[in-house]
Amino acid sequence: MESIMQQSLVNSQIEAIVHDGYTIIEDVLEPERVDAIGKRVREIEKETLIGSKGETPLDRSSLLRTEGLLQLDPLFREIPILPDLLPVIQGILGAECQLTAFSAIDMLPGKNEEAIHSDDAAVPLPRPHQPVICTCMIAIDDFTAKNGAVRLLADSHKMVGLPDHATDRHEIDGMITAEMPAGSVVVFDGAVLHHEADNESDRPRLALEILYCAPWMRTFTNFFLSIPEDEVMKYQQPLMELIGYRDFDRIKRNRFGDRRFGSYRESYGQLRRARLGAWSEERQAKPGLATDDSGEGRSKRVESN
Ligand SMILES: O=C(O)CCC(=O)C(=O)O
Ligand SMILES: [Fe+2]
């Protein structure tokens, strides 16, 4: 009974992502784990990112990004496989989706200059297209309108193109602010337009960012090379599978004793058949902030409806 209820909750979250581009799931992490993660990330930041003179040499002066989490502490290895999160992602991208990037983002007080963007912009497919990336931002500090909760343009995964980098993010109508308590996650289709917001509070805003990709894609981060195999062998099975150690084998049971699919083709085929209606509905493209397919040319702003 409980599992039927859980499945229907997962289904409604999947439908929200397909239709609106995003969903918020509360309580994926309990307060003790939120505290432990917050403390650990900030220790790592001090050890690795913040210079001896207190300076912050980073992507941008307003943001601390901690990479390599899986190797830095076993605490982080539970995050990409959270039971309230992973089934939702698998329902969007396929059961054999891959972990493609995983980092912590600490948004410091101040301005954040980042342009509006989609996280799948590096994937050379014309928009709109079926979901190929799913992004999750897990709030380790509460996400508020004041402290830089990520801002998303709902429905924008259905838009034809991307804004050019000159588009003023403050001039775009229809942005929503992903306000949520710590321990919650906002999950969005990687085609959804979004941007980091200014942190107008006096404290940093910490989040874990997880990106997953479709099973047929090359991952952005090469976990195969970056984590030694003998270390990976200590991970839980679902995490090993997420970083590419999935033992497809038709003849005998795989090393975990399971007999599932001989390759991702079967399960991805099932997902395609189940989702074909929703994906083709998305292809009834909405006008949008768009022009050319490359997303690199000059773009005109078109009102969305
Ligand atoms: O930290 C945020 O609020 C958003 C980060 C983001 O958009 C990114 O890393 O691509
Ligand atoms: Fe992003």
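Ser103 stands opposite Glu209 in β9. This pair belongs to a predicted model. Nine bridges join strand β9 to β3, and the two strands run antiparallel. Strand β3 also pairs with β2, which covers residues 63-66. That pairing is antiparallel too and has four bridges. Within it, Thr66 has Ala104 of β3 as its bridge partner. Strand β3 thus has pairing contacts with β9 and with β2. Eight of the ten residues of β3 are buried, so the strand is largely enclosed by the rest of the structure.

The protein as a whole contains eight helices and nine strands. It has 305 residues, of which 38% are buried. Among contacts with a separation of 6 or more, 82% join residues 24 or more positions apart.

Strands β3 and β9 also take part in the surroundings of ligand 1. The shell around this ligand consists of Ile105, Met107, Asp119, Val150, His194, Glu196, Ala207 and Glu209. Two elements give two or more residues to that shell, namely β3 (98-107) and β9 (205-213). By character, the shell residues divide into four nonpolar, one polar and three charged. Glu209 is one of the shell residues, and it is also the residue of β9 that stands opposite Ser103.

Helix α2 was examined next. It spans residues 31-49. At 1.5 Å a residue, its 19 residues should span 27 Å. The C-alpha atoms at its ends are 26 Å apart, which agrees with that expectation. The buried residues of α2 are Val34, Ile37 and Val41. Seen down the helix axis, these buried residues fall within an arc of 65 degrees, so they line one face of α2. They pack against β2, β3 and β9. The other side of α2 carries exposed residues: Glu32, Lys39, Glu43, Lys46 and Glu47. The helix therefore has its buried residues on one face, with exposed residues on the other side.

Two residues other than glycine have a positive phi angle, as described here. In Asp27, phi is near 60 degrees, although the residue is not a glycine. Asp27 is found in the loop between β1 (22-25) and α2. It has 11 C-beta neighbours inside 10 Å and therefore counts as exposed, since the limit for exposed residues is 12 or fewer. In Asp155, phi is also positive, at about 75 degrees, and this residue too is not a glycine. Asp155 lies in the loop between β5 (151-153) and β6 (175-177). Its 20 C-beta neighbours inside 10 Å make it count as buried, because a residue is buried at 20 or more. Asp27 is thus exposed, whereas Asp155 is buried.

A cis peptide bond is found in another loop. The bond runs from Arg127 to Pro128, and its omega is near -10 degrees. Pro128 lies in the loop between β3 and β4, the latter covering residues 133-139. Strand β3, which borders this loop, is the strand that pairs with β2 and with β9.

Note on methods:
Residues numbered from 1 in each chain as written. Chains lettered and ligands numbered in written order. Predicted model: local features only at pLDDT ≥ 70, side-chain atom pairs only at ≥ 80, totals over all residues. Near = placed C-beta within 6 Å. Nonpolar A, V, L, I, M, F, W, Y, C, P; charged D, E, K, R; others polar. Contact = placed C-beta atoms within 7 Å. Pairing = 2+ DSSP bridges. Expected span 1.5 Å × (residues − 1). Arc of directions from axis to C-beta.
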